[in-house]
Each structure stands twice: as structure tokens, then as C-alpha cells.
Amino acid sequence: MAVYAIAFIAYAIDLARRSAAATKAADDAKSAVGASAPATEAGAATGTAGAVGSAAASGGGAGTLVAAPPARGASVAWGRSPALRVAVAMTVVAWLLHLAADVTRGLAAGRVPWANMYEFALTGTLVITTVYLLVLVVAKHDLRFLGTFVTGLVLVLLGIATVNFYVSVVPLPPALQSAWLVIHVFVATSAVGFLALGFALSVVQLMQARRESFAASAKAVKQNFLATLPDSATLENLAYRVIIIGFILWTFTLMAGAIWAEAAWGRYWGWDTKEVWTFIIWVVYAGYIHARATRGWRGSRSAWLAIIGFSTVLFNFTVVNLFFKGLHAYSGL
């Protein structure tokens with residue numbers, strides 16, 4: 001957790017550096033407008049408009065200038081940002097330590113380490129970090145700016161699990177003594193990893209969309225790190241892609257859970273609280289995909305659906321496990 005905290009701080013420093021660079025770029029653009037004003041009055045307005053980008057027309061020339069976001073790498077080489085490089089390196093170190101902790105817990109238990117809430121939180125947060133690092137490698141967009149959200153989420157979940165959910169190693173209940181424990185829960189944690197990344201992208205998308213709406217209405221836009229990130233449409237498409245992967249894995253989780261229930265209890269479906277909430281999560285994300293693909297729900301509406309979907313995942317892991325009793329009462333508390 002300490003190494004994750006260092007990574008989180010380094011990511012935050014990088015975002016602050018991005019904000020400072022974006023503000024400087026906006027100030028430089030305003031200075032360029034002021035310097036080119038005599039040329040405009042002399043009849044060179046076309047050239048000035050092309051160099052500046054867009055300015056508010058309301059107010060008869062005294063409108064508010066809205067500086068265009070600086071091109072990626074134009075003012076600062078983000079890829080060579082010392083804070084960002086330290087942040088990613090610390091994330092990798094934290095991931096290695098996290099993996100070692102998860103493996104040693106499994107060795108101590110003599111089984112896979114996800115039989116209670118503490119172990120599921122330990123493994124689930126490991127998978128979230130794993131998905132984030134894998135996406136950094138395979139994605140064509142530089143998504144390291146998500147590190148603040150990912151490491152922050154992992155820190156919060158690990159902290160809650162350590163303080164409130166920790167239990168000593170205990171033998172498995174009879175119903176969990178099955179190969180489906182490995183398959184069903186591992187796929188579920190993998191799905192949560194992708195859904196968590198989609199959640200982070202959707203949060204940033206909403207922030208970017210709000211910034212773009214101010215710029216479109218010719219209002220003064222405070223330059224911050226969002227000016228250095230992809231536009232909201234790109235963020236939405238990225239969120240949609242990773243959520244699709246998470247949804248496929250969650251679908252398999254639902255199916256595998258039904259098969260396991262039939263093997264353990266003699267029925268595929270019994271309206272147990274955990275089963276119901278697993279299905280609710282599936283319905284919410286199915287609605288998200290359907291609304292976006294066929295009903296044209298784009299922009300903020302799709303982002304809010306993705307956020308609601310991940311909220312149901314967190315509700316299922318915390319409230320359902322702690323306060324609802326049933327055949328799936330494996331919190332260990």
C-alpha cells in the first residue's frame with residue numbers, strides 16, 4: 001500500500017504539471033492574439049484567425065478567448081515526464097509486491113486466495129492493476145493519466161479490506177471445495193478489472209465533456225490537465241471497448257455460477273441475494289451496451305450508465321456480502 005501511495009502521489013504530480021503546462025499554453029495563445037491585433041486592424045484578420053483557433057464572437061470583438069487545447073507533446077514531452085515515469089515504475093513495483101502477497105496468502109491457505117472478502121479484495125485489486133498495466137502496453141493511446149484513478153481506487157479498496165475485512169486462513173466450506181471456485185471467481189475478478197478501468201475512463205469522460213461544453217459556448221475555460229488528454233468521444237470509445245470485454249467475462253461468470261450452483265445445491269437458480277445481484281449487474285451493463293449501440297445513447301448518458309454499473313459491482317461486493325444472508329455468505333466475517 002505504501003508503494004501504491006507513492007505511485008498515486010507521482011501520478012498526481014504529473015497531472016499538476018500537465019495543468020501548469022496547459023495554462024502556459026493558453027497564456028501564450030492570448031499573447032499571440034494581442035501581438036497580432038495591429039495586423040488584424042490592418043486587414044490581416046484571416047491569418048490571425050487561422051493562427052489563434054477560435055475566439056468568442058459575442059460582444060463585438062471583446063469576447064472571451066477560448067484557447068484550443070495544446071497538441072499532445074507540443075508544450076511538454078509527456079512521455080519523458082519524470083513524475084510519470086516514476087509513477088509507472090512504482091506501480092509496477094507495487095504490482096510485484098501485491099502479487100507476492102496474493103501468492104503467499106494462497107500458499108498459506110493451500111488453495112486459491114479468493115474464498116472470503118479479504119482474499120477477494122486482495123486478488124481483485126491485483127487484477128485491476130494488472131489490467132491497467134496490460135492496457136498501457138497494448139493500447140494505442142497513452143492512458144497513463146488514468147494511473148491516479150486506478151491507484152487511488154486500489155488504495156481505498158486495499159485499505160478497507162485490510163482494516164475491516166481481514167480474517168485468518170480457514171478451511172473452505174464444503175460448497176466451495178470445487179474446481180469451479182478457480183474458474184468462476186477468477187473470471188469474475190477479471191471482469192471487475194476491466195469494468196473498473198471502464199469506470200475510470202467514464203469519470204474522466206464526464207470531466208472532459210464538461211470542459212468541452214464550456215469551450216463550445218465560448219465561456220472562459222480554466223486550463224488544467226484535461227487539456228492534455230484525449231477528447232470525450234475518444235474516452236467514451238475506449239471505455240466502451242474495455243467494458244465490452246468486462247461484460248463478456250461477467251456473462252461467463254453468471255453462467256459458470258449457475259453450473260456450479262447446480263453441482264453444489266441441485267439447482268441452477270434459486271433467487272439467492274448474491275445470484276440476484278450478479279444478474280442485476282449483468283442487466284445494467286447489457287442495458288449500457290444496448291442503449292449505446294442501438295438507441296444512440298452517447299456522451300454523458302452512456303458514461304453515467306457505466307458509472308452506475310460499477311456502483312452495482314461495488315454494492316454487490318460490500319453491502320450484499322456484509323448485510324444480506326444466504327447461501328453465498330462467504331464474507332468470512
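# Reading the terms in a helical model

Visitor: Why is the link between the side chains of Thr91 and Tyr11 called a polar contact?

Guide: The link between these two side chains is 3.0 Å long. A polar contact is a pair of N or O atoms within 3.5 Å; within protein, one must be able to donate a hydrogen and the other to accept it, and residues adjacent in sequence count only if both atoms are side-chain atoms. The value of 3.0 Å falls within that limit, so the name applies. Please note that this is a predicted model, in which local features need pLDDT of at least 70 and side-chain atom pairs count only at pLDDT 80 or more, while totals for chains, interfaces and linings use all residues. Residues are numbered from 1 along each chain as its sequence is written, and side-chain values use heavy atoms, with hydrogens and water left out.

Visitor: How do you know that Thr91 is buried?

Guide: Thr91 has a relative accessibility of 1%. Buried means under 20% relative accessible area, exposed means over 50%, and partly exposed lies in between (1.4 Å probe, protein chains only). Thr91 therefore counts as buried. The residue is found in helix 2, where helices (H or I, at least four residues) and strands (E, at least two) are DSSP runs numbered from the N terminus. Leaving aside neighbours within four places in sequence, Thr91 is in contact (heavy atoms within 4.5 Å) with partners including Ala7, Tyr11, Thr129 and Thr151.

Visitor: What makes Thr129 a buried residue?

Guide: Its relative accessible area is 1%, which places Thr129 among buried residues. Thr129 is found in helix 3 (residues 117–138). Its side chain makes a polar contact of 3.0 Å with the side chain of Tyr4. Beyond its neighbours within four places in sequence, Thr129 is in contact with Tyr4, Thr91, Trp95 and Val154.

Visitor: How do you know that the length of helix 2 agrees with its number of residues?

Guide: The expected span of a helix is 1.5 Å times one less than its number of residues. For the 28 residues of helix 2 (residues 82–109) this gives 40 Å, and the end C-alpha atoms are 41 Å apart, which agrees. Buried residues of helix 2 include Ala83, Ala87, Thr91, Ala94, His98, Asp102 and Arg105. An α-helix has 3.6 residues a turn, so residues three or four places apart point the same way. Just after helix 2, Gly110 takes a positive phi of about 70°.

Visitor: Why is the pair of Glu119 and Arg105 called a salt bridge?

Guide: The closest N and O atoms of this pair are 2.9 Å apart. A salt bridge is a side-chain nitrogen of Lys or Arg within 4 Å of a carboxyl oxygen of Asp or Glu, so the pair qualifies. The pair links distant parts of the chain, with Glu119 in helix 3 and Arg105 in helix 2, 14 residues apart. Both Glu119 and Arg105 are buried. The structure holds six salt bridges.

Visitor: What makes Arg292 and Glu236 a tie between separate parts of the sequence?

Guide: Arg292 forms a salt bridge with Glu236, the closest N and O atoms being 3.3 Å apart. Arg292 lies in helix 7 and Glu236 in helix 6, so the pair ties together parts that are 56 residues apart in sequence. Arg292, at 5% relative accessibility, counts as buried, and Glu236 is buried with a relative accessible area of 6%.

Visitor: Why is Glu275 called buried?

Guide: Glu275 has 8% relative accessibility, and therefore counts as buried. Its side chain meets that of Arg267 in a salt bridge (3.0 Å, N to O).

Visitor: How do you know that Gly152 is buried?

Guide: Gly152 has a relative accessible area of 16%, and is therefore buried. This residue is found in helix 4 (residues 147–165). The C-alpha atoms of Gly152 and Ala5 are separated by 7.9 Å, although the two residues are 147 residues apart along the chain.

Visitor: What is the pattern of the protein chain, read along the sequence?

Guide: The pattern is α-α-α-α-α-α-α-α, with eight helices and zero strands. Of the 333 residues, 45% count as buried.
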